[in-house]
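Work through the exercises below with the sequence and the model open side by side. Each task is followed by a solution in steps.

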Amino acid sequence: MEGEFHLTPVDTEQRETVFIAPPNRVIPIIFLPGVMGSNLRMSRARKADLKNKDDIAWRPDNLGASTLLTNVRKTAYLSPRERQMKLDPDETEVDYYRHTENQGRFDPSGTLSQQSDIRHSNVPGTLQDVGLLTSDHAAIGQNQSKKHPNSATAAQKARWRGWSELSFGDYGGALSTLEGRLNRIISLWYGQYRDKIGNNPLDPFWISNKNPNGDLTYVTGSSPKRWGASNAAVLEEKEVLRVANCLYPVHAMGYNWLQSNAVSAKKTAARIRDLIKTYQAHGHKCDKVILVTHSMGGILARALIHPEMGGLNDCVLGIYHSVQPAYGSAAAYKRVRSGVDGHSPAAAIIGNTGQDVTAVFANAPGPLELLPTPEYGHNWLKVQDRNGKTLAQWPATAGVSAAPSNATNAVGMSGAPMDDIYTQEPENWWRLINPEWINPAEKKFNASSATESVNKRIANAQAFHAKIKNTFHAHTYASYAADAKNPTHGNVVYKIEPLSHEDINVNTTIAAAKESPLLWRMVSEDGTGDLIVSLKDKRRFKLKLLPPQDAGDGTVPSDYSAAKVKAAVHFVQAGYDHQGSYKADAVSVSMLYAMIKIANTAEGWKT
């Protein structure tokens, strides 16, 4: 079975066939990755502008051990200008396998199968047969020279299904688990050996775990409390058997995470509709899909089912979300101001300074949709004195950012993050964007200034969230980490520090001035979290960004955002970071639990 999408095939002759055998019913599983989880390529023109040897804009699987010293080192030393040009939403598209959105502008590395396969070898050629992804006869082995022109390996079929559009290192395990387990509900040996193995036809993976201290491997018969759901019902074997007479091919759909999720929703919805039609055209009963999401992919999924964007609600049975920042994350604000923390390859690529991050994020609608929304809550941006006393906080709850006793001459605030924080004037130190960091590539904007363009993009991002704020599928399951050992920026806190060892009485100086922190003026910022600000009389002091202190997964705070997904079941977990959630056992099992529960909501099952 092959998917037909609104894309231009590079090679119209060679096509893979994913053989589908009975049963006739098909419910495709669609995996949507998080921000930076989809591979991107540059346009031919942008590749030429940068004088690059290749057109790779973003491919995290290239950051493995074998390429660490080349790709990471090269990209870590990119200037903000080069980052802005390489990750430009107007000059990038998803790095599809043998397809392109615009043959005239983008080049999927040639028309030959071998070239496409080499480029997409993040899904390795050694990928073993899993689920419905089985190598065709004579595709490998001694008869390879005699193979049919249209024969394909399991890896090629996975690439055709979109698996190589994603960061396979992050998501390959989840894709293989879904494909392998959902398409092996009934034991392979049941028909032949039922007299010897008993009357239970379920594959051993699904059979109840009798050992309460065992690994998080078995899904049925175990209390969901083991993987974080305190009030969820135990999954019964009969529920699994009920939906066994069905095929669950797993597809992955990358999207250009630099673009707005509203734009991505329309493109992805078209791909899903075409996929459903293709299965129907090949004689299968297929009318709905199940979505599985990571991080920002959950926001995209909600846009997919929104009637004004993807309009796909009638085609979606249900959704499983992992670590969705439902209403944004304060980490997005923090990174624009001071870069991505750590020494990981991804941190090096995106940038360890505000200058690097702003050059990309300020010019990309998608990342700006990760900023906290009004539903995130009030008072998450704070400034404290040296004793830890809060002097002001934003967005304001009562029209001012601090109590009058602490902030004479307080300036009125709206209570919305866009007005109170994101679009404040450059001299207001708590504002989001440093105008000097926006446009190092000197790109031409339709608006009168780069700042005006960014403010418009932020307004559009907040308007997008206002539309989808109550959009959640009726059959939603959500997992997230609420881990105090993995501190997260639920709040962003700046603390007063003296500029020198001699200025130890800075608290007293500031208190005596009786000036609201809203009246302090920005002098400079270094892009790593240190600001120099001044009082009205020009006396200066430092504001230092404090480390994260809230529970979460290191990126998305649990209480402020992840827990606010409206779901039938929440799996509250620990022990993994944001990017690695789908490598955690608890996430894998809760995901499979949700797949069966959602599949059971479909009509037409035999009881």
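E497 stands opposite K542 in strand 17; Exercise 1 starts from this pair. The model is predicted, so to speak of local features pLDDT must be at least 70, side-chain atom pairs count only at pLDDT 80 or more, and totals for chains, interfaces and linings use all residues. Residues are numbered from 1 along each chain as its sequence is written, and side-chain values use heavy atoms, with hydrogens and water left out.

**Exercise 1. Place the pair E497 and K542 in its sheet and find the helices that pack there.**

Step 1. Strands (E, at least two residues) and helices (H or I, at least four) are DSSP runs, numbered from the N terminus. Strand 14 covers residues 492-497 and strand 17 covers residues 540-545; the two pair in the antiparallel sense over 4 bridges. Pairing of two strands requires that DSSP finds at least two bridges between them.

Step 2. The open sheet has 6 strands in the order 11-10-14-17-16-15, and its pairing is mixed. At its edges are strand 11 (390-394) and strand 15 (521-525), each pairing on one side only. From one strand to the next, the twist averages 25 degrees. Axes are lines fitted to C-alpha atoms, for helices over the stretch in contact, and angles run from 0 to 180 degrees between N-to-C directions.

Step 3. Helix 11 (residues 330-338) packs on this sheet and touches strand 10 (381-384), strand 14, strand 15, strand 16 (530-534) and strand 17. Its direction makes about 45 degrees with that of strand 14. Contact here means heavy atoms within 4.5 Å.

Step 4. Helix 17 (residues 506-513) also packs on the sheet, touching strand 14 and strand 17, and its direction makes about 100 degrees with that of strand 14.

**Exercise 2. Which residue stands opposite L40 in strand 4, and what order do the strands of that sheet have?**

Step 1. The residue opposite L40 is W58. Strand 3 (residues 40-42) pairs with strand 4 in the antiparallel sense over 2 bridges.

Step 2. The open sheet has 3 strands in the order 4-3-5, with antiparallel pairing. Strand 4 (56-58) and strand 5 (92-94) are the edges; each has a single partner strand, so one side of each lacks a neighbour in the sheet. Neighbouring strands are turned by 40 degrees against each other on average, direction ignored.

Step 3. Both L40 and W58 are touched by W257, whose other contacts include V35, M36, L87, M296 and P367, leaving aside residues up to four places away in sequence.

Step 4. W257 is listed with W394, W429, W520 and L543 as having the most contacts inside the largest nonpolar core, which has 97 residues. Such a core is a set of buried Ala, Val, Leu, Ile, Met, Phe, Trp, Tyr and Cys residues joined through side-chain atoms within 4.5 Å. A second, separate core of 59 residues includes W227, C246, V569 and F571.

**Exercise 3. Is D61 buried or exposed, or in between, and which backbone nitrogen atoms does its side chain reach?**

Step 1. D61 is found in the loop between strand 4 and helix 2 (68-76).

Step 2. With a relative accessible area of 22%, D61 is partly exposed. Buried means under 20%, exposed over 50%, and partly exposed in between (1.4 Å probe, protein chains only).

Step 3. The D61 side chain reaches the backbone nitrogen of F168 at 2.6 Å and that of G169 at 2.8 Å. A polar contact is a pair of N or O atoms within 3.5 Å; within protein, one must be able to donate a hydrogen and the other to accept it, and residues adjacent in sequence count only if both atoms are side-chain atoms.

Step 4. Apart from residues up to four places away in sequence, D61 touches N122, L166, S167, F168 and G169.

**Exercise 4. Describe D203 and T220, which share a loop.**

Step 1. D203 and T220 are in the loop between helix 7 and helix 8.

Step 2. D203 counts as buried at 4% relative accessibility; T220 is buried at 0%.

Step 3. The D203 side chain makes a polar contact with the side chain of R184 (2.9 Å). For T220, a polar atom of the side chain lies 2.3 Å from the backbone oxygen of W206.
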